[in-house]
Amino acid sequence: MTGPWRMYNIDDFFPHRGRMKIIDGIVEIDDDHCVTESIAASLWPLCSGVQINSIIIVELVAQTASIFTGWKKRNETKTKGEGVIVGIKKAVLTAPEIPVGSRLRTSCRIRVNLDGQYGEFEGEVTDGHIQYGFVHLQTLNQQISLSGRENFPSKK
Amino acid sequence: MSEKWIIPEKFVPHENDAEGHFMIPGNSPWFSGHFPGMPVFPAIGMLGLVYDTLKEYAAHRGIRLTIMEMKRIRFRQVLGPESPFTVFISLKNVNGASQVFFHCVSGDTKVCDGILLVKREHDGALENV
C-alpha cells in the first residue's frame with residue numbers, strides 16, 4: 001500500500017501521544033488541505049461506553065490542524081505543530097454522539113495564517129455517511145507557559 | 001464501560017445557573033501524551049468539564065440538553081496538573097434561542113469563556129428550553 005497513510009509517520013508532525021493521540025494516519029495532504037483518519041475508540045476522551053460526545057470533533061480538527069502545520073514545516077528544524085487552541089469561533093455539532101468503532105475522516109484547511117504565529121483552521125468530521133460537525137478554531141504558536149500568562153490578551 | 005476522567009468535587013445548581021467545582025488531578029488521562037514532558041490540560045478537557053456541569057444542571061431540572069453549537073469560545077490560560085477548575089454556567093433565552101453562557105476560573109484567574117447553543121430533548125424532538 002502506498003499513499004500518505006504509509007508515507008508519513010504522523011508522530012513526526014504533531015506532539016500528541018498516549019491516550020490524547022486520536023489521529024491514526026494521514027489520508028490526503030497537500031499545501032491546501034489535510035485529511036486524517038481515526039477509528040473512534042472507547043479509550044478516547046469523552047467516551048461514555050459505546051458513544052463519544054461529539055464535542056470531540058474540536059480535538060479531531062485541532063490535531064489534524066497540528067499535523068497539517070507540522071507537515072508544512074517539515075523541512076524546518078522544528079517540525080512538530082506547536083500551536084495551542086486559543087479560541088473556537090464556531091463549532092456546529094450535527095449529531096450528538098459518535099459510535100465507538102466509527103471510521104472517521106477529519107478534513108482541515110487553513111483559513112488565516114499570520115506569519116505562522118496566529119492561525120485559523122476550518123475542519124469537518126464525517127464517517128462517510130454522517131457528518132458530525134464543523135469547527136472553526138483559532139491557534140497561536142507559542143512557548144507553552146504555566147506561569148499565568150494569558151493566551152489570548154483582550155483587545156485594548 | 002464508562003470512564004470518568006475527572007470527578008467533580010461539588011455541584012451547585014440554581015434555577016437558571018449552576019457551578020461545577022473540579023480539581024484536575026495529575027494522574028488524569030487528560031495528561032496522557034498531552035504533552036510528553038510538559039503536561040498541559042487540553043482545551044477539550046475544559047469543554048468536557050463545562051459539558052459535565054451542564055449535564056448535572058439539566059439532570060437537576062429533570063431535562064436533557066443537547067449542545068447544537070459552540071461559539072465565541074476563548075481559552076485564555078494554560079493549566080497544568082493539580083489545578084482547581086470552576087465552571088459557571090447561565091442559561092438564557094436570547095432572540096428565541098436557548099443559550100448557555102459559561103466562564104471558567106482557576107483560583108482567581110479566568111481560564112476560558114464562551115457560549116453554547118442548546119436544545120432540550122423532549123419526546124424524541126429538540127426544542128428550546
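This report walks through a predicted model of two chains, A and B.

**The two chains**

Let us start with how each chain is put together. Chain A contains 2 helices and 8 strands, while chain B contains 1 helix and 7 strands. If you follow chain A along its sequence, the pattern is α-β-β-β-α-β-β-β-β-β. Chain B, read from its N terminus, goes β-β-α-β-β-β-β-β. The table below sets out a few values for each chain.

| Chain | Residues | Buried share | Share of contacts (separation of 6 or more) joining residues 24 or more apart |
|---|---|---|---|
| Chain A | 156 residues | 41% | 65% |
| Chain B | 129 residues | 36% | 60% |

What are the dimensions of chain B? The C-alpha trace of chain B spans about 45 × 35 × 25 Å along its principal axes. Its radius of gyration is 15 Å, and this agrees with the value near 14 Å for a compact globule of 129 residues.

**Where the chains meet**

How many residues does each chain bring to the contact? Chain A supplies 35 residues and chain B supplies 34 residues. On the side of chain A that touches chain B, the elements giving two or more residues are helix H2 (57-72) and strand E4 (83-93) of chain A. Of these, E4(A) gives the most, with 10 residues. Sorted by class, that side of chain A holds 19 nonpolar, 9 polar and 7 charged residues.

Strand E4(A) also pairs with a strand of the other chain. Its partner is strand E3 (residues 64-75) of chain B, and the two run in the antiparallel sense over 5 bridges. For one specific place to look, find A:Ala91: its bridge partner in E3(B) is B:Met70.

**Helix H2 of chain A**

Helix H2(A), which you have just met at the contact, deserves a second look. Is H2(A) mostly covered or mostly open? It is mostly covered, since 15 of its 16 residues are buried. You can also check its length yourself. At 1.5 Å a residue, the 16 residues of H2(A) should span 22 Å, because the expected span uses one less than the number of residues. The end C-alpha atoms of H2(A) are indeed 22 Å apart, which agrees.

**The nonpolar core**

Next, look inside. The largest nonpolar core has 72 residues. Which residues have the most contacts inside this core? They are A:Val58, A:Val61, B:Met46 and B:Val50, so residues from chain A and from chain B are both on that list. The element that gives the most to this core is H1(B), with 10 residues.

B:Val50 makes a good example to click on. Leaving aside neighbours within four places in sequence, B:Val50 is in contact with B:Val87, B:Ile89, B:Phe102 and B:Cys104.

**A loop in chain B**

Now turn to the loop between strand E2 (17-24) and helix H1 (43-61) of chain B, where B:Phe35 lies. A cis peptide bond joins B:His34 and B:Phe35, with omega at about -5 degrees.

B:Gly26 is in this loop between E2 and H1 as well. Is B:Gly26 buried or exposed? With 10 C-beta neighbours inside 10 Å, B:Gly26 counts as exposed, because the limit for that label is 12 or fewer. Not counting residues up to four places away in sequence, B:Gly26 touches B:Phe31, B:Pro81 and B:Glu82. B:Gly26 and B:Phe41 are 15 residues apart in sequence, and their C-alpha atoms are 9.5 Å apart in space.

**Two residues with positive phi**

Finally, two residues other than glycine have a positive phi. Phi of A:Leu46 is near 65 degrees, and phi of B:Asn95 is near 50 degrees. Where do they sit? A:Leu46 lies in the loop between strand E2 (33-39) and strand E3 (51-53) of chain A. B:Asn95 lies in the loop between strand E4 (83-94) and strand E5 (97-106) of chain B.

Their surroundings can be told apart by counting neighbours. A:Leu46 has 20 C-beta neighbours inside 10 Å, so A:Leu46 counts as buried. B:Asn95 has 5 other C-beta atoms within 10 Å, so B:Asn95 is exposed.

How values were computed. Residues are numbered from 1 along each chain as its sequence is written. Chains are lettered from A and ligands numbered from 1 in the order in which they are written. This is a predicted model: local features need pLDDT of at least 70, side-chain atom pairs count only at pLDDT 80 or more; totals for chains, interfaces and linings use all residues. Helices (H or I, at least four residues) and strands (E, at least two) are DSSP runs, numbered from the N terminus. The radius of gyration is taken over C-alpha atoms; the globule rule is 2.2 Å times the number of residues to the power 0.38. Two residues are in contact if their C-beta atoms, placed from the backbone, lie within 7 Å. Ala, Val, Leu, Ile, Met, Phe, Trp, Tyr, Cys and Pro count as nonpolar, Asp, Glu, Lys and Arg as charged, and the others, Gly among them, as polar. Two strands pair if DSSP finds at least two bridges between them. A nonpolar core is a set of buried Ala, Val, Leu, Ile, Met, Phe, Trp, Tyr and Cys residues joined through C-beta atoms within 7 Å.
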